[in-house]
Each structure stands twice: as structure tokens, then as C-alpha cells.
Amino acid sequence: MYGLTPAEAAFAVLLASGHSVESAAAKIGISVLTARTHLKRVFRKTRSHTQTQLVQLRLRATLGRP
């Protein structure tokens with residue numbers, strides 16, 4: 001969905017679950033620098049600008065709403 005790579009998607013799910021960039025990076029075993037790159041790409045691909053917007057996208061996807 002949204003053209004995210006598997007790594008970006010895994011990172012986005014963690015962010016949407018409330019993890020910080022740092023804790024999400026540690027959880028999936030990437031550097032904070034790589035996590036910030038993923039974050040920029042996730043925001044661009046999902047057209048979101050905040051972690052709150054990512055949570056909203058995840059909820060909509062879970063509930064099957066556009």
C-alpha cells in the first residue's frame with residue numbers, strides 16, 4: 001500500500017503504533033539515520049507530515065475506510 005518497501009512499511013507500522021523513531025529503529029535493527037530516511041520516504045509516499053497522520057492512515061486501513 002502506498003508503494004512502501006517492506007522495510008518502510010515495517011517502520012511505518014511501528015511509528016503508527018506509537019514508537020518513536022529511535023525505538024522503532026532499535027526494534028527493527030536499523031540505525032537512526034536510516035530510520036530518518038525511511039521516515040522521509042514514508043511521509044512523502046503517504047502524503048502525511050506527522051506521526052498522528054500515520055496513525056490515522058493505519059486506522060482507516062484497518063477499518064477498511066478510504
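These legends walk through several close-up views of one predicted model.

In this predicted model, local features need pLDDT of at least 70 and side-chain atom pairs count only at pLDDT 80 or more, while totals for chains, interfaces and linings use all residues. Residues are numbered from 1 along each chain as its sequence is written, and side-chain values use heavy atoms, with hydrogens and water left out.

**View 1. The whole protein: four helices and zero strands.**
Following the sequence, you meet the pattern α-α-α-α. Helices (H or I, at least four residues) and strands (E, at least two) are DSSP runs, numbered from the N terminus. The radius of gyration is 11 Å, close to the 11 Å that the globule rule gives for 66 residues, so the protein is as compact as a globular protein of that length. Here the radius is taken over C-alpha atoms, and the globule rule is 2.2 Å times the number of residues to the power 0.38. Along the principal axes, the C-alpha atoms fill a box of roughly 35 × 20 × 20 Å. Of the 66 residues, 29% are buried. Buried means under 20% relative accessible area, exposed means over 50%, and partly exposed is in between (1.4 Å probe, protein chains only). Among contacts between residues at least 6 apart in sequence, 46% join residues at least 24 apart; a contact means heavy atoms within 4.5 Å.

**View 2. Helix α1 meets helix α2.**
Helix α1 covers residues 6-16 and helix α2 covers residues 21-28; they pack at an angle of about 135°, with their axes 9 Å apart. Axes are lines fitted to C-alpha atoms, for helices over the stretch in contact, and angles run from 0 to 180 degrees between N-to-C directions. The two helices are therefore oblique to each other. Angles under 35 degrees count as roughly parallel, over 145 as roughly antiparallel, 65 to 115 as roughly perpendicular, and the rest as oblique. The crossing of α1 past α2 is right-handed. A crossing is right-handed if the near helix is turned clockwise from the far one by less than a right angle, and left-handed if anticlockwise. On the α1 side, look for F11, L14 and L15; on the α2 side, look for V21, A24, A25, K27 and I28. These residues of the contact divide into seven nonpolar, no polar and one charged. For these classes, Ala, Val, Leu, Ile, Met, Phe, Trp, Tyr, Cys and Pro count as nonpolar, Asp, Glu, Lys and Arg as charged, and the others, Gly among them, as polar.

**View 3. A closer look at L14, a residue of helix α1.**
Is L14 buried or exposed? With a relative accessible area of 12%, L14 is buried. Setting aside neighbours within four places in sequence, L14 touches H19, A24, K27 and I28. L14 and I28 are 14 residues apart along the chain, and their C-alpha atoms are separated by 9.1 Å.

**View 4. Helix α2 meets helix α3.**
Helix α3 runs over residues 32-46, and its axis comes within 9 Å of that of α2, crossing at roughly 110°. That makes α2 roughly perpendicular to α3. The crossing is right-handed. Find V21, E22 and A25 on α2, and V32, A35, R36 and L39 on α3. By class, this contact has five nonpolar, no polar and two charged residues.

**View 5. Helix α3 meets helix α4.**
The two axes come within 11 Å and cross at roughly 55°. That makes α3 oblique to α4. This crossing is left-handed. The contact brings together V42, F43 and T46 of α3 with Q51, L54 and L57 of α4. Its residues divide into four nonpolar, two polar and no charged.

**View 6. R47, in the loop between α3 and α4.**
What is the sign of phi at R47? R47 has a positive phi of about 55°, although it is not a glycine. Most residues other than glycine have a negative phi. At 75% relative accessibility, R47 counts as exposed.

**View 7. Two partly exposed residues, S20 and T34.**
S20 sits in the loop between α1 and α2, and its relative accessibility is 32%. T34 belongs to helix α3 and has a relative accessible area of 33%. From C-alpha to C-alpha, S20 is 21 Å from T62, with their positions 42 residues apart in sequence numbering.
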